[in-house]
Amino acid sequence: MKLQSLSILALAVLSGCQTTSQTVVADDTSHVSRSVYLVEFNAAQKFDVQASQLEQSMTDFCEGNSDVQTVQRHWHSTMESWMALQGQERGPQAALAQSWNVQFWPDKKNTTGRKMSALIKQDKQWQAQEIAKQSVTVQGLGSIEWLLYDKQSDIASNQSTCHTAVAISENLANNAHTIASSWQVNPWLELDQKGWDSEYIALLSNQLDYSMKKLSRPLAKVGKPRPYFAESWRSKTSMSNLKANIAAMQALYLANGEGLDNLLRTRGKQQLADSIVHQFEYTLETWPTEASLFDLLQTKQGYQTVLAQYNKLEQLNYLIHEEVAIELGVVIGFNATDGD
């Protein structure tokens, strides 16, 4: 694809006391995917900015100029921004290739814990370039969460561990920048309307399916939940992560008034569009205030609460994966999470 279709403007963005640069791309083509592309581009830029701030925050902490709570807040902000890109199987290949490096999940056998314990015990000053060659379990958001929240981490008292944390944070920031750079070109310019309809629905369906897996895996069998299968169980932010997932998918569906919602309405499918909008709004408005999926699964009432949220996502999935696909005459294929 050619860069001539894009005009690139660089703007400086102030965030708190830090100044960072963010590249804003204005796609001057009239391609049907433009509005969705810009949503994705902006999400990638935000993740890039947040990851860079996390790296700086970790450096400040290890130099004695900040506290661990500040780093934890930056970690959570970075994790939350990642939710808009998580579970994607459509987009620039260079960006999609970074997914496992950014986040290793599901972690069925506590591989992150075992690998991180072994990593910090090594008598070595790790550099970001060396971390990038290690297992994905020690490269991304999950490994930083382990450093900041796990009882086995000695980041607060061991300078060597802190140095390792800085290297991992720098590697994450590098990967986030790769993702942001990859989104500087719209990957869908060659698709016609029919091809784009299929791609767009698949994009939403894949992310929704991934979010549903984040509930179904820990829910497991009734009466036998697996809370350690929950994402971000150490920081107890699983449910707040999922709410960010849903808000991101809602933004993708609406695409600033030019997305799938508008497409359905222009084709006379007002009722279906209204149903999807309502389901997004209802799901977000009634989402539990408890941020920890791990804690919710400790009680029967909490389990029922989580199951109710899964059912809300299942209804969204039916509307998008089935109803919309049928109305637009597209077939959604299998994805990487099917059969898990």
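**Burial and overall make-up**

I began with burial: of the 340 residues in the protein chain, 52% are buried. I should jot down early that this is a predicted model. For the accessible surface of the protein chain I got about 15700 Å², and carbon and sulfur atoms hold 49% of that.

Next I looked up the secondary structure, and the protein chain has 14 helices and two strands. I also took the contacts with a separation of 6 or more, and 76% of them in the protein chain are between residues 24 or more positions apart.

**The disulfide**

How many disulfides does a search of the whole structure find? I found one. Its partners are C62 and C162, with 2.1 Å between their sulfur atoms. A reminder to myself: a disulfide is a covalent bond between the sulfur atoms of two cysteines.

Which parts of the chain does the pair link? C62 belongs to helix α1 (residues 34-62) and C162 to helix α8 (residues 159-182), so I have distant parts of the chain joined here, 100 residues apart. I read -90° about the S-S bond, and the link of C62 and C162 is left-handed. Buried or exposed, I asked of C62 and C162? Both are buried.

**Helix pair α1 and α2**

I stayed with α1 and turned to its packing. Two packed helices are described by the angle between their axes and the distance between the axes. For α1 and helix α2 (residues 68-82), I have axes that come within 9 Å and cross at roughly 165°. An angle over 145 degrees counts as roughly antiparallel, and therefore α1 and α2 are roughly antiparallel to each other. Their crossing is left-handed.

I listed the residues that make the contact. On the α1 side they include F47, L54, M58 and F61. On the α2 side, V68, V71, H74, W75 and W82 are among them.

**Helix pair α10 and α12**

My second pair was helix α10 (residues 238-254) with helix α12 (residues 270-285), and I noted an angle of about 155° with the axes 10 Å apart. By the cut-off of 145 degrees, α10 and α12 are therefore roughly antiparallel to each other too. I recorded a left-handed crossing for α10 and α12 as well.

The contact draws on I246, M249, Y253 and L254, among others, from α10. From α12 it includes I276, V277, F280 and L284.

**Backbone oddities**

I closed with the backbone. Most residues other than glycine have a negative phi, and most peptide bonds are trans. With that in mind I picked out three spots.

- W105 and P106 are joined by a cis peptide bond, and I have omega at about 5°. I placed P106 in the loop between α4 (99-102) and α5 (111-121).
- S232 is not a glycine, yet I found a positive phi near 55°. This residue sits in the loop between α9 (193-219) and α10. Why does S232 count as buried? Its relative accessibility is 5%, and buried means under 20%.
- N256 also has a positive phi, about 55°, and is not a glycine. I located N256 in the loop between α10 and α11 (260-266). Why does N256 count as exposed? Its relative accessibility is 71%, and exposed means over 50%.

A last line for these two loop residues: S232 counts as buried, whereas N256 counts as exposed.

Terms used. Residues numbered from 1 in each chain as written. Predicted model: local features only at pLDDT ≥ 70, side-chain atom pairs only at ≥ 80, totals over all residues. Heavy atoms only, no water. Disulfide = S-S within 2.5 Å. Helix = DSSP H or I, 4+ residues; strand = E, 2+ residues; numbered from the N terminus. Buried < 20%, exposed > 50% of the residue type's maximum accessible area, 1.4 Å probe, protein only. Contact = heavy atoms within 4.5 Å. Areas by Shrake-Rupley, 256 points an atom, 1.4 Å probe, with all protein chains shown as cover. Axes fitted to C-alpha atoms, helices over the stretch in contact; angles between N-to-C directions. Parallel < 35°, antiparallel > 145°, perpendicular 65-115°, else oblique. Left-handed = near helix turned anticlockwise from the far one by under 90°.
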